[in-house]
Amino acid sequence: MSESKQRWRLVFARDDEARFLSHLDAVHLWERAFRRGEIPVATSEGFSPRPRLIFAAPLPLGMLAEHDLADLFLAERLTHPDLRSRLADGMPRGYRLIDLHDEWVGGPALATRLVAADYRLTLLGVSPDRLAPAAGALLAAASLPREKRREKRVTAYDLRPLLLDLQVREDEVAAGAADGVGVPAAGLWMRLRNSQEMGSGRAEEVVAALADELGLATAAAVREEETPQTETPKDERRPAEARALTPEAQDAVAPVVEMVRSVRERLWLAEELALRDAEGRPAAPSRLPSRV
Amino acid sequence: MTAALSDHPTPPTIATTGSHHAPPPLPSLAVERALGRVRKPGRYAGGEWNSVRKDWAAVALKWCFAYPDLYEIGMSNLGLRILYEVINDRPDRLAERCFAPDVDLQDQLRAARLPLWSLETRRALRDFDVLGVSLGYELTYTNLLDMLDLGGLGLTTAERAEADPLVIAGGSSVLNPEPISDFLDAVLLGEGEDAVLEISDALERMGWHRRVRGPVGEWRRGVARAAALRELARIPGVYVPSLYRPRYDPDGTFEGLDPVTGADVPAVVHGRVAADFETHVHGIRQIVPNIAIVFDRAQLEVMRGCTRGCRFCQAGMHYRPLRERAPDVAVEAAQAILKATGYEEIGLTSLSTADYTYVNEVATTIHRLCPEANISLPSTRVDAFTVELVDAIAPGGRRSGFTFAPEAGSQRLRDVINKGVSDEEIARCAELAFSRGWSSLKLYFMIGLPGETMEDVLAISKICRRVLEVGRRHHGGRAQVKANISTFVPKVSTPFMWSGQDSTVEIEAKVAALRKTMHGQGLDLRWHSPFSSILEAALGRGDRRLNAVVRRAWRKGARFDAWDEHFSYERWLEAFEEEGLDPAWYAQRDIPFDQPLPWGHLSCGVTQEFLARDWQRALSGKIAADCHWGPCYNCGVPVATGFECQTGEDGPRQLLRQPEDVEPSGRRWRYVGPPGDPRRQVAGSREVAAHSWPYDLMGTDVQSKNAGLSGLASLVDAAGGESTG
């Protein structure tokens with residue numbers, strides 16, 4: 001382990017080129033970027049020391065980000081322009097550095113300060129008119145019992161206290177998307193709570209709750225931990241040149257609510273956003289002047 | 001580019017204007033939806049570090065390298081990394097990549113009627129000018145058909161539209177491309193570094209990249225397809241199958257191949273050899289994948305070719321002459337590659353890296369200059385030097401597994417296959433490896449080798465037990481010996497190509513007998529079902545009639561035949577039967593010497609006469625020494641390739657460039673061994689590669705954390721070899 005002499009907060013965006021990276025892939029990508037830029041990153045303890053780059057919240061596979069946060073610990077002090085130019089040398093494709101500021105090395109862990117995240121996405125397969133009442137119903141509900149699956153373990157939890165705000169929008173992306181694929185589309189914006197005690201809200205869970213409310217299925221979302229082998233039946237026959245589909249494939253393209261163009265707009269730290277306690281409605285966001 | 005140029009890695013920028021053909025990329029929402037429904041979408045998304053995106057309108061000739069296997073396998077291929085850079089280094093050309101989509105994405109593409117796209121700019125494969133197909137393994141042929149089909153091209157050269165790209169194949173399987181010749185417009189034999197540029201020049205000169213409207217408004221190119229192919233056939237190393245027609249005698253045996261009327265084509269096409277291997281390194285700015293791949297590390301090829309002469313080994317015959325990178329070039333390139341990629345590990349690759357003359361000093365120097373980087377040696381041979389070398393560069397690393405490939409169990413059979421290693425040597429290696437901390441050894445063997453008796457098979461268990469005993473002395477009950485058994489596949493352009501494979505009944509009987517003797521703690525026997533090996537042999541030694549079989553099998557749903565969960569031998573049997581052919585005839589028959597070979601018109605340098613002589617030596621159980629040190633066996637490579645074999649003043653033979661070739665000053669490489677080198681006294685005997693290596697590795701300060709050698713040999717096979725040109 002090397003001692004951390006300096007802690008930099010990275011504010012970054014993720015664009016289309018890096019959209020389909022899992023969190024683990026992203027971590028490897030950044031490690032190589034530091035080597036290319038010859039950045040003296042402090043390392044963690046343990047048998048195989050890892051560079052100390054701590055993300056505020058893992059970014060789900062398939063999601064873009066406009067204002068994500070990570071803390072980078074250095075073994076040697078660097079000046080702001082020096083670090084900025086070294087990062088620029090090897091910055092992974094699809095990631096953009098928005099801002100960089102010096103933090104106190106002994107300060108609290110980033111994740112403990114995270115209170116909320118804003119998400120914006122487009123839902124295919126449902127119109128804004130149909131979606132709005134469902135969104136209202138979710139916000140009006142006292143509780144939204146759902147199940148969390150991690151590998152084989154299933155735990156019940158309440159989504160409602162994690163859902164701070166939900167708005168249906170008729171945005172241009174949705175309209176454009178609807179033209180392109182011939183299905184109705186609606187824009188959706190939400191603010192979800194990140195809490196040490198209650199866990200963090202997931203956009204796809206809110207979408208699933210909406211779909212339940214509407215009585216629709218959701219398209220299989222990409223999950224990082226999923227590694228099932230979709231076996232092709234041995235007796236599958238491909239008719240000459242007809243390119244027929246397997247039944248599984250036909251299921252996969254059946255009409256459902258499908259989440260596309262999902263973006264994490266912003267991660268909020270406690271000092272940036274004051275939240276009222278667990279019963280639901282968010283306080284008016286007290287947008288502190290950014291330290292940018 | 002040379003190693004010296006890349007002082008600072010900058011991803012190439014995108015030019016802005018131009019007037020060349022530039023169809024639009026696929027709609028991004030459609031791509032996103034398809035990728036949102038498949039496993040590991042990172043395979044198809046592109047955007048990796050060092051991948052090159054160019055403005056299509058500013059670039060004349062566009063290549064797409066299509067690798068007929070999954071991203072994780074294809075991206076590990078060094079040949080792809082090399083050729084990608086060779087073409088993209090030219091500002092007026094571009095190369096993109098495409099890999100076989102897994103079955104889930106295939107379904108999505110067919111359902112959404114989306115064409116298969118290139119990773120860099122997401123254009124359909126049919127929009128490119130040339131598809132460069134890498135064929136390293138017969139069991140990927142059906143994937144190629146899927147890629148052509150999904151890419152929107154006509155499947156066969158006859159079915160392709162005038163505007164479709166040319167499909168040009170390379171790689172080690174193209175030593176016999178006849179079973180899939182219908183699907184290929186042209187084939188490049190040998191190493192591609194120089195030839196891809198010559199092909200590009202010729203196509204641009206002809207106007208192949210220009211699009212024009214034909215008489216009924218259809219798209220054509222600046223030159224007719226047939227004319228372009230005839231022109232390409234004039235480039236050395238390029239074989240255009242459609243310009244030849246095969247003859248068969250009434251009972252179905254191949255009789256010969258004739259040029260079609262009016263075609264000015266060579267009777268024998270010779271493979272290419274890259275001109276400047278010793279002094280130039282291509283593939284510095286290697287793409288760094290975003291997702292984990294099979295060989296997830298930087299690669300530096302330190303040596304090409306191998307003169308050990310193992311009789312089953314196709315690569316050893318294919319990539320002659322032996323060429324070694326000058327040590328200063330290798331070190332400089334390794335530094336540049338590590339800097340340009342940010343990789344934490346670099347593999348010094350070749351067919352047998354421990355044979356690289358400078359392996360010790362190169363590894364030591366790289367370690368001194370880049371102390372953070374791990375160094376790995378993928379292909380190693382069975383001897384003490386290897387153990388010491390790996391131990392030296394990985395002193396603190398995992399001691400989990402060490403892999404050797406004795407290939408055969410008995411001394412007699414190892415002499416037949418010319419694997420020059422003795423039981424004593426294997427035991428000595430095991431002693432060394434176990435004493436240096438490894439507690440588990442993996443041994444690779446083949447079953448069904450020519451002339452194999454049950455005694456030879458059972459010798460596998462004898463040698464395994466002997467090795468295990470050594471391990472027990474060091475590690476007690478923790479010691480493990482894992483034997484990996486594969487079925488011998490006769491490969492074309494090897495002395496064993498005339499030899500038939502054992503029948504599955506024989507193979508299964510041999511494995512069953514071996515299994516009985518391999519019980520007990522610490523012994524583990526793994527083997528693969530022989531059916532995919534039969535198919536591999538049948539396709540490997542096949543003739544043009546197999547084109548119809550491949551197509552039928554594909555229509556029946558064959559794909560990813562190299563993957564157990566997708567492979568169905570019954571499907572292939574049906575396809576063979578429906579064409580009135582028998583895979584056993586192709587795979588299991590001993591071919592008489594006097595019979596014309598369906599691949600006889602394609603040569604990688606070694607002559608058929610040499611292979612036949614070596615086959616005779618094998619039949620009488622005689623070994624042939626490594627000709628790098630021993631006598632010359634007159635393999636024919638110098639004549640075919642323009643490289644010259646020279647006997648050094650003081651004994652050892654080596655291959656040197658011909659004097660008239662231009663060499664950059666100060667880089668000319670010539671081996672001068674240390675005086676009193678013990679190898680010289682024993683040159684020519686089997687003891688050549690034994691324990692008497694001159695370098696004292698243990699005295700060096702090489703340090704590297706993870707050499708990661710376990711399981712590599714099998715992965716090398718899976719990836720079609722690391723050092724494809």
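**Helix pair in chain B.** I looked first at how α15(B) and α16(B) cross, and the crossing is right-handed. This is a predicted model, so I take each value below as computed from predicted coordinates. Helix α15 of chain B covers residues 454-475 and helix α16 of chain B covers residues 504-517, and the two pack at an angle of about 35° with their axes 9 Å apart. I then asked which residues make the contact. From α15(B) I noted B:M454, B:V457, B:L458, B:I460 and B:S461, and from α16(B) I noted B:K510, B:A513, B:L514 and B:T517. Sorted by class, this contact of α15(B) with α16(B) has 6 nonpolar, 2 polar and 1 charged residues.

**Sheet in chain B.** I followed the strand order next and found an open sheet of 6 strands, running β2-β1-β3-β4-β5-β8 in chain B, with mixed pairing. At the edges I found β2 (93-99) and β8 (238-239) of chain B, each of which pairs on one side only. Helix α7 of chain B, residues 195-206, packs on this sheet and touches β1 (61-67), β2, β3 (130-134), β4, β5 and β8 of chain B, while the direction of α7 makes about 135° with that of β1(B). Within the sheet I looked up one pair of strands in detail: β4 (residues 166-170) and β5 (residues 186-188) of chain B run parallel and are joined by 2 bridges. For B:A169, the bridge partner in β5(B) is B:V187.

**A buried helix.** Is helix α6 of chain B, residues 141-151, enclosed or open? I found that 11 of its 11 residues are buried, so α6 of chain B is largely enclosed by the rest of the structure. The cut-off behind this is that a residue is buried if 20 or more other C-beta atoms lie within 10 Å of its own. Among the buried residues of α6(B) I listed B:Y141, B:N143, B:D146, B:D149 and B:G151. Just after α6(B), I noted that B:G152 takes a positive phi of about 90°.

**Domains of chain A.** I turned last to chain A, where the domain assignment gives domain 1 (6-107) and domain 2 (113-223 + 253-269). Taken over C-alpha atoms, the centres of domain 1 and domain 2 of chain A are separated by 28 Å. How many residues does the contact take from each domain of chain A? It takes 12 residues from domain 1 of chain A and 11 residues from domain 2 of chain A. By class, I recorded 8 nonpolar, 2 polar and 2 charged residues on the side of domain 1 of chain A that touches domain 2 of chain A.

Definitions and conventions. Residues are numbered from 1 along each chain as its sequence is written. Chains are lettered from A and ligands numbered from 1 in the order in which they are written. This is a predicted model: local features need pLDDT of at least 70, side-chain atom pairs count only at pLDDT 80 or more; totals for chains, interfaces and linings use all residues. Domain bounds come from an automatic or database domain assignment. Two residues are in contact if their C-beta atoms, placed from the backbone, lie within 7 Å. Ala, Val, Leu, Ile, Met, Phe, Trp, Tyr, Cys and Pro count as nonpolar, Asp, Glu, Lys and Arg as charged, and the others, Gly among them, as polar. Axes are lines fitted to C-alpha atoms, for helices over the stretch in contact, and angles run from 0 to 180 degrees between N-to-C directions. Helices (H or I, at least four residues) and strands (E, at least two) are DSSP runs, numbered from the N terminus. A crossing is left-handed if the near helix is turned anticlockwise from the far one by less than a right angle, and right-handed if clockwise. Two strands pair if DSSP finds at least two bridges between them. A residue is buried if 20 or more other C-beta atoms lie within 10 Å of its own, exposed if 12 or fewer, and partly exposed in between; C-beta atoms are placed from the backbone.
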